[in-house]
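Open the structure in your viewer and keep the selection panel at hand. The tour goes stop by stop: select, look, move on.

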Amino acid sequence: MTTGDYLAMLNPEQLAAVRHEGRGLLILAGAGSGKTRVITTKIAWLIRERGLEPESILAVTFTNKAAREMQERACAMEPRCSRTIIRTFHSFGSWFLRRNARAAGLDSSFTIYDDDDSTTLVHGFLPEKTRSECSRIASRIAKAKDFALAPDSPGLAAVTSEGDFRRLYGDYEARLRKTGNVDFGDLILLPGRILAENEAIRNRFRQRFRVVLVDEYQDSNVAQFELLRLLAGDEAYVCVVGDDDQSIYRFRGAEVRNILTFPDTFGGIDVVRLERNYRSYQSILDVAGAVVSRNEGRLGKRLVAERKGGRKPVLATLADHDEEAAYCARVVERVRKAGGSYSDVAVLYRTNAQSLAFERLFARIKFPYRIVGSVRFYEREEIKDALAFLAVVSNGRDEVAFRRVVNKPARGVGGVSVQAIVDEAYFGGTAAGGTADGELPGIFEPGNLVAAARRAAGGLTTARARSGLAAFVDLVDRLGASLGPKPVAGEVDEGAVGDTAALPVPPADPERSLARLVERVVMESGLREYHESGDEVQGKQRAANLDELVNAASDYGLSRDGLAQFLEAVELDRAMTIRDPDADAVTLITIHNTKGLEFPVVIVTGLEQGLFPRDDESGEDLEEERRLFYVACTRAKDELHLTWCRRRLFRGKIMESAPSRFLGEIPREAIDTAGGRLPAPALSTGPWKPGLAVYHDDYGPGCVAQVKPTGSGPLVIVRFETGKQLRFFTRYAGLEIVGR
DNA sequence: CAATTCGGGATCTGC
DNA sequence: TCCCGAATTG
C-alpha cells in the first residue's frame, strides 16, 4: 500500500474525522459505520502525516478483543503502530500502576481481584454475614469506585443510604491494601489518584501522551472520565468515539452522560457524525431506529444504509418456547437450502436461561451450535482454584487466594485453623514463636499468610490439621523456590515511562516455560484428582480444562515475572476459551455479548413484556432496554427475525405473556408478520374473568373481583375468603383457577 | 471437619 | 425448575 492509498477507502465524514485537528473530537459513530477503520486510520495518519512518535499516542478500548483488533488493523496500515499503546482501560491502568507502584503504596507484583475475590475479602471481616450479603456489599463498593467515590466522599450517599456503608467500604480498603492487591475499580482509580497528587508523574505522562483516543466511549464510567481528564490535561488532543444508542452497561456504572455532555465538559470539541451504515439493509435499520428513536436521552442521529432495500424484518408470533426454537430451526434450514451455512445464523436472547430450549432442540435434530459466554473459562471452579494456588505462590499476602486453597482438596484445615493462621499473620509474629523454623530471622512480614501458616502449623489442635498444613506450606515453598529468589521490594524503576507494552516473551525451551509450574500446581496440590473424581462426565471436562490452563501458561517464562504476567493476562482477559471458533455452528448468544459482532441472519427472541423489556419500568431502565433492542437488530446484515411467545416456561411454571411494547413501537408497514398480525402492545386478559374461583398458595381460596389488562399481562383483584382483597399480576402470582 | 439435606431466590456482566 | 448456600448431622 503506497502512502495515501489508505485514505482512499474513506467516505467524506470518515476522512474529516481522520484529518481533524484541534483540541479534540467526538465521533458519533452509528452501528456498522466503520468506526474501527476511522480510529486505526487516524493513528496511522498521525504517525505518517503529522510525524507523531507512535509512543506518544494512547488508544483505549473496553474489551481485549477490540484492543487486539485495533492493534492488528493499525499495524497492517502502518507497522510503527506496534509501538503505540493500545490497551483496554483496565490493562492501561495496570500498566501504569506497575510502573508507579510505590506512589500508590503497592508492590509492583500485585494481583488483580475480581468481584468474587472482593466478596471473599468482605466475608473475611464480616464472617457473621452470609456470602450473598457480602456480595451485595462488594458490588456497592465496586459501584462507588465506578463513580470515583472514596470512603470519605460526601457523594457516597448516592450509592446507598445504608448508614454503616462508609465504614464497611473503609474497612474493605484497609483490608485490600494489606493483601497488596487491587480490584478492578482500583485499576482506574489509583492511576487517577497518582496523577492528581503527584506532579512529577503527572508531567511525565502528559509530556508523553500527546494524543489520547477512546473507543466505545458510551461505555465509560465516571472514574474513567476523570482518569481521561487527568491524563489529557489541557494540551493533549482527545478523540472519543462512540454511539450513545449502544450504551448498554448502565448496571455496571457506564454513564451515558459522559458522551452526551462530552463537548461541554471538555470544551472546544468538534463533532463528526458517521451515519452511513455499511452492514445492514435499510429495512433492518428502520426497525432498529423506530424503537430507539423513542428515547429522550440521546443525541439523535439517523442511520442510512449503503445497501438499499432488503427483505422486511419478519415478526413471528409463536405458541411457546418450543415453537420458538422450532421456528429458529426452520430459519436455519432455509438458509442452508439457499447455500448458506450454520454459522450464518445467530439466535439472540435477553437472558441466559432462554438458551436451554434452543440447546435441547438443536441437540436433538443434530444442528451444530455454540453458546457464547455463558460460563467463561476463567470463572470455572477448577480454574479459579488453580489460579488461586498460583496467586499464593506469587504473593503470600493474598488472603483471598489463601483461604480458597489452603483446605482444597480437604487437608483437615478447617475454619478454626484458618482463623488462627489469619490472626497470626496480622497480629502475631514477634510474640508467638517468630523464630519457628523456615523463616529467616528478622524478616517478619505482616500479613504474609504462608509465613504465618509455617509458624502456626505446630500449634494447631488436631494432628490432621498440623500435618495437612505442613504439607501445604511445604508445597508452596518448593514451588516458590523453583521460580528463583524473591526480588527486593521497590526495585521497579518508577521513571520507566518509555517502555512500550510489555508482552510476554515465549521461552525458547519448553522446559523453562511457566507451564511446568502450573502443571506441578495442578498435580501436586491434588486439585486435578479432586476435580476429576467428582461427577463422571463433568470430571473429565474439568480435568481437560485444567490441562488447558497448563497449555495457556506455556507462553510465559518460568520466573516470578512470568507468573505475575500470566496471572494478569488471565485476570484481564476473561474471554479466553477452549472452543474451536472455526467450526460451522449456529451461534446462541445473549444480546449483551453481541456488541461488535455481525451475522448474515439474526433472530431476536423472547420479545415479551417482562422479559424484553425486562420490567415494565420507565425512564432510564426502559431507555437502556431500547438501546439493547437497537444493538440486537443492528447485528443483522441481510435478514432479521423477531419472535415472541404467547406462553413461556418461567421458573418451572407456564406463564401467559404479552408481546413486547417494542413491537408496538415499530410501524406496521416496516415489518412482515409471519403466523399472525402485528399484535397491539399488550392488552389481553387471557383466561381471567371476574367471578372466577381461584386458589392462592399463601392466601387460600378466593374469587376474582376485577381484571385489568396491562403492559405486563392481566392484573387481577382477588377477594379471598379471609376477607383480604389483593392485586396480582397473573404472570407472577401463584394463582390457580379452580372454576367459576 | 465433611457429607447431606433443606429452603430461598432467580438479569445483562466489557475489564 | 434448578442451583447455591446454610444448617444439620455423622
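Start at Glu-296, which is exposed, with a relative accessible area of 72%. The model is a predicted one. Glu-296 sits in the loop that runs between helix H14 (282-292) and strand E10 (304-307). Add Ser-283 to the selection and draw a C-alpha to C-alpha distance: the two residues are 13 apart along the chain, and the separation is 23 Å.

**Stop: DNA strand B**

Show the residues around DNA strand B; there are 30 of them. Arg-376, Ala-410, Gly-414, Thr-590 and Asn-593 come nearest. Now look from the DNA side. Of the atoms of DNA strand B within 4 Å of the protein, 57% belong to sugar and phosphate.

Colour the surface near DNA strand B by class. Seven of its residues are nonpolar, 14 are polar and nine are charged. H19 gives the largest share of this surface, three residues.

Then pick out individual contacts:

- Asp-219: a polar backbone atom is 2.9 Å from a base nitrogen of DNA strand B.
- Asn-352: a polar backbone atom is 3.1 Å from a phosphate oxygen of DNA strand B.
- Arg-614: a polar side-chain atom lies 3.4 Å from a sugar or linking oxygen of DNA strand B.

**Stop: Thr-590**

Stay with one of the residues that come nearest to DNA strand B, Thr-590. Thr-590 belongs to strand E14 (residues 586-590). Is Thr-590 buried or exposed? Its relative accessible area is 7%, so Thr-590 is buried; the cut-off for buried is under 20%, computed on protein chains only. Leaving out residues up to four places away in sequence, Thr-590 touches Tyr-349, Thr-351 and Asn-352. Asn-352 is familiar from the contact list: its backbone meets a phosphate oxygen of DNA strand B.

**Stop: DNA strand C**

Switch to DNA strand C. Which residues surround it? They are Thr-130, Arg-131, Arg-651 and Gly-652. By class, this surface has no nonpolar residues, two polar and two charged. Zoom in on Arg-131: a polar backbone atom there is 2.9 Å from a phosphate oxygen of DNA strand C.

**Stop: the cores**

Hide the DNA and go inside. The largest nonpolar core has 53 residues. Select Phe-389, Leu-390, Leu-469, Phe-472, Leu-514, Val-518 and Phe-566, which touch the most other members. At least two residues of this core come from each of these helices: H17 (381-394), H18 (399-405), H19 (415-427), H20 (449-456), H21 (463-481), H22 (515-524), H24 (536-552) and H25 (560-572). H17 supplies the largest share, nine residues.

Centre on Leu-390. Setting aside neighbours within four places in sequence, Leu-390 is in contact with Leu-517, Val-518, Val-521, Leu-563, Phe-566 and Leu-567.

Another core lies apart from this one. It has 43 residues, including Leu-106, Tyr-217, Ile-259 and Phe-262.

**Stop: helix H11**

Select residues 222-232, helix H11. Eight of its 11 residues are buried, so H11 is largely enclosed by the rest of the structure. The buried ones are Val-222, Ala-223, Gln-224, Phe-225, Leu-227, Leu-228, Leu-231 and Ala-232.

Check both ends. Asn-221 caps the N-terminal end of H11, with a side-chain oxygen 3.1 Å from the backbone nitrogen of Ala-223. Just after H11 comes Gly-233, with a positive phi of about 60 degrees.

**Stop: Thr-84**

Move to the loop between helix H4 (64-77) and strand E3 (85-88), where Thr-84 is placed. Thr-84 has 3% relative accessibility and so counts as buried. Its contacts, not counting residues up to four places away in sequence, are Ile-43, Ile-47, Pro-54, Ile-57 and Gln-71.

**Last stop: the cysteines**

How many disulfides does the structure hold? Zero. Select Cys-81 to see one case. The closest cysteine sulfur, in Cys-75, is 5.6 Å from the sulfur of Cys-81, so the two are too far apart for a bond; a disulfide needs sulfur atoms within 2.5 Å. Cys-81 is buried, at a relative accessible area of 0%.

Finish at Cys-239, which also counts as buried, at 1% relative accessibility. The closest cysteine sulfur to that of Cys-239 is in Cys-81, at 14 Å, again too far for a bond.

Technical notes. Residues are numbered from 1 along each chain as its sequence is written. Chains are lettered from A and ligands numbered from 1 in the order in which they are written. This is a predicted model: local features need pLDDT of at least 70, side-chain atom pairs count only at pLDDT 80 or more; totals for chains, interfaces and linings use all residues. Side-chain values use heavy atoms; hydrogens and water are left out. Helices (H or I, at least four residues) and strands (E, at least two) are DSSP runs, numbered from the N terminus. Buried means under 20% relative accessible area, exposed over 50%, partly exposed in between (1.4 Å probe, protein chains only). A residue is near a molecule or strand if one of its heavy atoms lies within 4 Å of it. A polar contact is a pair of N or O atoms within 3.5 Å; within protein, one must be able to donate a hydrogen and the other to accept it, and residues adjacent in sequence count only if both atoms are side-chain atoms. Ala, Val, Leu, Ile, Met, Phe, Trp, Tyr, Cys and Pro count as nonpolar, Asp, Glu, Lys and Arg as charged, and the others, Gly among them, as polar. A nonpolar core is a set of buried Ala, Val, Leu, Ile, Met, Phe, Trp, Tyr and Cys residues joined through side-chain atoms within 4.5 Å. Contact means heavy atoms within 4.5 Å.
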